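Dear colleague,

I am passing on the structure below, together with some notes on what turned up when I went through it. Please read the notes with the structure open beside you.

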Amino acid sequence: MASSLPDNHGCQIEHEQENDHHNGLVLNGDSKTHIPKKPRLSSFITDSEIRFEFAHHDPGVARINNGSFGCCPASVIEAQRKWQLKFLAQPDDFYFNELKKGIHQSRSIIKELINAENVDEISIVDNATTAASIVLQQTAWAFSEGRFDKGDAVVMLHYAYGAVKKSIEAYVTRAGGYVIEVPLPFPVNSNEEIITEFRKALERGKANGRRVRLAVIDHITSMPCVVIPIKDLVKICREEGVDQVFVDAAHGIGCTAVDMKEIGADFYASNLHKWFFCPPSIALLYCRNSTKCSDLHHPVVSHEYGNGLAIESAWIGTRDYSPQLVVPSVLEFINRFEGGIEGIKKRNHDNVVEMGKMLAKEWGTHLGCPPEMCASMIMIGLPACLGIETEKDTLKLRLHLREKFGVEVPIYFRAPRNGEVGSFTGYARISHQVYNKVEDYFKFRDAINQLVRDGFTCTLLSK
């Protein structure tokens, strides 16, 4: 990170002021900024090399929302393009001689990254939503075929991702399952608060002789973002006789610690295009070797049906498979940083916490959770005078920040609890990734300060 923060990649810093002048580089400035020339490589990636890798980002936008769509460096985009051209040049040779071999190599790398037992436990799919559909489809079949009793329970967090909630509705509720949401406090002060509510939800699930057939647990919730103590919750599930545990970790790999043997879940899904620098879209689905996990199928049925989920997922018809093939190139990019992915995660965490504290102090608000309960994203309360009173207000304010100030940041509405007065109802979720600079967060700070000085409220924005 630039300016007052330490460098955000642990690299060997070179004198770059002169290079910036010759390249015409303006940080978060005019959109006509010249793309810098590709700099020479050194032992660790430098600031100028990072700017080159992400020169395709809009320089007029403070992009502090990596959590939504991730990012992809130029070197990986170049590798992706080579795979695409290889297919277009000779698709038959690509299909018969390149595709399966390349996907297996990517699966092998992922297997090592997440400490799985066997590469056969790793499937590559489009995104975490697709992975959720695969798991929930199996659950729906169990209800429909009478292996689960109607009314048996599926437990999920209240802050589960919206698409996963819809999938549970589509697959589980329609098949006769009883869905229980775990209410979680926000702001949250400790893991114990989450664990206590989770235990209560399991007790409700087991009431009246029901069985809890599946627990769907986020590793990091999306909005609001909090790192969930999944090892503790999986352990509780085992103690309480929950049949299967699915961890939805859309923000997992590249953002927080991911170790399948330590976590112990039956299923674990994580996008690689959010925090692992892959182009969209690619996700892993880990399925622990078990008889309970054998009957899993990709929802798009093609010629490989019945050959195992990993093989089914590697061919679902003619399409662009290049995001699944560039994992080796992504790992090469990551290893240019000191400490590799572990170093990136630590620096992202330290920097996002520092920026979150800076913003909270500036606005007289607070963080949404203790620093140890966040990874590369953190929630910060927004000044109450902005008048954020509905979900619609958050969308209007986000659009206003984008269009007027060039700041891209998601906003969360927290409804006041019964009898609560004077609480903060609006929170911003900021991310930090290797391309971010301290100026990005100053730009956000200054935008909110200007709105406050101008007497702005969300009611002033058009409906």
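Two strands are taken here to pair if DSSP finds at least two bridges between them. On that basis, and bearing in mind that this is a predicted model, strand β5 (residues 212-218) pairs with strand β6 (residues 244-248) in the parallel sense, over five bridges; within this pairing, L214 in β5 stands opposite Q244 in β6.

These two strands belong to an open sheet of seven strands, whose order is β2-β8-β7-β6-β5-β3-β4 and whose pairing is mixed. Because β2 (122-125) and β4 (178-182) each have a single partner strand, they stand at the edges, and one side of each is left without a neighbour in the sheet. From one strand to the next, the twist averages 15°.

Helix α5 (residues 91-113) lies across the edge strand β2 and across β8 (283-287), and runs at about 120° to β2.

The loop between α5 and β2 holds I114, which brings me to a question I would put to you: is I114 buried or exposed? With a relative accessible area of 0%, I114 is buried, since the cut-off for that term is under 20%. Leaving aside residues up to four places away in sequence, I114 touches I122, I253, V258, D259, M260, L284 and Y286. One of these, D259, is 145 residues apart from I114 in sequence, yet the two are 4.8 Å apart in space, C-alpha to C-alpha.

With best wishes

Conventions:
Residues are numbered from 1 along each chain as its sequence is written. This is a predicted model: local features need pLDDT of at least 70, side-chain atom pairs count only at pLDDT 80 or more; totals for chains, interfaces and linings use all residues. Side-chain values use heavy atoms; hydrogens and water are left out. Helices (H or I, at least four residues) and strands (E, at least two) are DSSP runs, numbered from the N terminus. Axes are lines fitted to C-alpha atoms, for helices over the stretch in contact, and angles run from 0 to 180 degrees between N-to-C directions. Contact means heavy atoms within 4.5 Å. Buried means under 20% relative accessible area, exposed over 50%, partly exposed in between (1.4 Å probe, protein chains only).
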